[in-house]
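Please open the structure in a viewer and keep the selection tool at hand. This tour proceeds stop by stop, naming what to select and what is to be found there.

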Amino acid sequence: MDKLLLSRWFWWVLLLPLALALVRVVDTVFYDPSALGPDPAQALVDLFGTIALWFLCFVLLVTPLQALIKARWLLRQRRALGVACFCYALLHWLSYAGLLLEWQWQNLGQDLLKRPYIIVGFSAGLMLLLLAVTSNNGSVRALGRRWRVLHRLVYPAALLVLIHMFWVARSDYTEVVMYTVFVLLLLLQRWRNRATS
Amino acid sequence: MKALITNKLTEHSVTPEAVYLNRRQWLKASAVGAAGLLAPSMKAVEVAPGDDPAPPWLQSQNKQASPSPFSSTEKLTPYEYVTGYNNFYEFGTGKDDPEKYGQDFNPHPWQVTVSGLAEGTGTFDLEDLLKGLAVEERIYRLRCVEAWSMVIPWLGVPMAALLKRFKPLSGAQYVTFESVYRPEEMPGQRSFFGAIDYPYIEGLRMDEAMHPLTLMATGVYGRSLPNQNGAPLRLVVPWKYGFKSIKSIRKITFTDRAPQTTWQKSNAREYGFYANVNPAVDHPRWSQAEERRLPSTLFASNRVPTLPFNGYADAVGSLYQGMDLTKYY
């Protein structure tokens, strides 16, 4: 088992959203059925999707931020942020497939074949899965230089996530435009760095 | 009259309250024709909790609502969800935005401008517009294009009774409705990256507008319409997707051609003029074959099959005889 080099408070930061989500789930199931509104499954799908997106943004923010404030410790936490992003993306998918579609495989398959926003979202999820399972020290050693190349998959994954959001939106693009600008700025900064170094 | 009621959906699996059930049976009985049982002073409407800020004349007109044989007998979606979870993009795109941001909207005093191919055009105070029209309670299924649905006890006047007041000319083939435009009171109308042109426009073919099921709603759950549900006046067309039922109506125009509606302008491939509920025609981004009847729970998503014309096919199917519904969606 690889050491994840996580300080204890960092674990709390990672698990805090999950704890908050669990509190609301327990509240809904045992005390107040309206705690998550009239469509609690949809509310959970949205919630986990948003949390995953936030961790994706954090991951992309690490490199430029640590260059800016010279914080090496931040770089060491990147792996945990990435794994957390994948875990919340997985919860996003599980609540969609299990709670919304109730594991109706036929509907799941049809969505996956016919609905472009599902196709791009699922593809992004597969990329994150690949990155998560190769995030341990053993994989880093085994893959060598190829590991860095492989983990650049995070960029296309981020773009697919944004497309997923654009295609889910029905009329107001304010939120997705904000995330897109944020991600593009981070990518631009990397591109400038590469150009100047 | 009775032929218009088509309740193919079964009663909800959740056991309804005893009181509620009794009322339903009583309603059914009165609908069958035992009108004598129905003393005029008895109120059939569910009364919502809380204040009703509407002017007294509107409150009292709504309180005199009589039950309708067109009402569904399905379990009602609770008041808190009907008024706390809906789409009214003028107040924001979140489902709780209309309730949250709708409170600064001042619907009174209200006027409606009627124009176009009719004899009785002009601008009318809401009170004059509704004076003498009998308000009914109509419990209708509402099927959102997003594949969820509710059962809602509306109050309102039959659209035909209202429109006849303006004496439409024979050339009037369509009626266009326009919502209020008040960006200072409606944050969604100020949205910079919104893909919707305001004011919101909707329209019906004249025979659709005059159909007995078409309602001009003035209230819900025994009270006047809350701001978030389209105060003080909104359309309810139960066999069409919810977005056809335009809210907070300021203008009614009789025309000889179909208007371009707001959602057609926004995305014609996804939203057509007719927008009849149709399980056989998917939205390009999701299936319309099923819907989730709200409220659902975490472990029971309440999926039910969607019915053609939202279960009102017997009443309205003839309006679309011979039309290719995959083309005129």
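In which sense do β2(B) and β11(B) pair, and over how many bridges? Select both strands: they pair in the parallel sense, over four bridges. One of the facing pairs is Ser115(B) with its bridge partner Thr253(B) in β11(B). Please bear in mind throughout that this is a predicted model.

**Stop 1: the five-stranded sheet of chain B**

Widen the selection to the sheet around these strands. Five strands of chain B form an open sheet in the order β3-β2-β11-β6-β7, and the pairing is mixed. The edges are held by β3 (122-125) and β7 (201-205) of chain B; each has a single partner strand, so one side of each is left without a neighbour in the sheet. From one strand to the next, the twist averages 20°. As a general point, strands of a sheet pair through backbone hydrogen bonds, either parallel or antiparallel.

Next, select residues 111-116 of chain B, which are strand β2, together with β3(B). These two run antiparallel and are joined by four bridges. Gln111(B) stands opposite Asp125(B) in β3(B). The connection from β2(B) to β3(B) is a hairpin through five residues.

Move across to strand β6, residues 174-179 of chain B, and strand β11, residues 249-255 of chain B. Six bridges join these two strands, which run antiparallel. Phe177(B) has Ile252(B) in β11(B) as its bridge partner.

**Stop 2: strands β5, β12 and β13 of chain B**

Select β5(B) and residues 290-293 of chain B, which form strand β12. The two strands pair in the parallel sense over two bridges. Trp148(B) has its bridge partner, Arg292(B), in β12(B). Now add residues 303-305 of chain B, which are strand β13: here β12(B) and β13(B) pair in the antiparallel sense over three bridges. Glu290(B) stands opposite Pro305(B) in β13(B).

Return to strand β5, residues 148-158 of chain B, and select Pro158(B), which lies in that strand. Is Pro158(B) buried or exposed? A residue counts as buried if 20 or more other C-beta atoms lie within 10 Å of its own. Pro158(B) has 22 C-beta neighbours inside 10 Å and therefore counts as buried. Apart from its neighbours within four places in sequence, Pro158(B) is in contact with Pro212(B) and Leu215(B). Its C-alpha atom is separated by 9.8 Å from that of Val236(B), although the two residues are 78 residues apart along the chain.

**Stop 3: unusual backbone angles in chain B**

In general, most residues other than glycine have a negative phi, and most peptide bonds are trans. The next selections depart from this pattern.

- Select Asn302(B), in the loop between β12 and β13 of chain B. This residue is not a glycine, yet its phi is positive, at about 55°. Asn302(B) is buried, because 20 other C-beta atoms lie within 10 Å.
- Select Pro295(B), also found in the loop between β12 and β13 of chain B. The peptide bond that joins Leu294(B) and Pro295(B) is cis, with omega about 0°.
- Select Pro199(B), in the loop between β6 and β7 of chain B. The peptide bond from Tyr198(B) to Pro199(B) is cis, with omega near 0°.
- Select Lys167(B), in the loop between α6 (159-164) and β6 of chain B. Its phi is positive, about 50°, although it is not a glycine. Lys167(B) is exposed, because 12 other C-beta atoms lie within 10 Å.

**Stop 4: chain A**

Now turn to chain A. How many helices and strands does chain A have? It has 10 helices and zero strands. The radius of gyration of chain A is 18 Å, close to the 16 Å that the globule rule gives for 197 residues, so chain A is as compact as a globular protein of that length. Buried residues make up 28% of its 197 residues.

Finally, select residues 40-69 of chain A, helix α2. At 1.5 Å a residue, its 30 residues should span 44 Å; the end C-alpha atoms are 41 Å apart, which agrees. Within α2(A), look for a kink of about 40° at Val62(A), shortly before the proline Pro64(A). Just after α2(A), Lys70(A) takes a positive phi of about 55°.

Definitions and conventions:
Residues numbered from 1 in each chain as written. Chains lettered and ligands numbered in written order. Predicted model: local features only at pLDDT ≥ 70, side-chain atom pairs only at ≥ 80, totals over all residues. Expected span 1.5 Å × (residues − 1). Bend = angle between axes of the 7 residues up to and from the residue. Rg over C-alpha atoms; globule rule 2.2 N^0.38 Å. Pairing = 2+ DSSP bridges. Axes fitted to C-alpha atoms, helices over the stretch in contact; angles between N-to-C directions. Contact = placed C-beta atoms within 7 Å.
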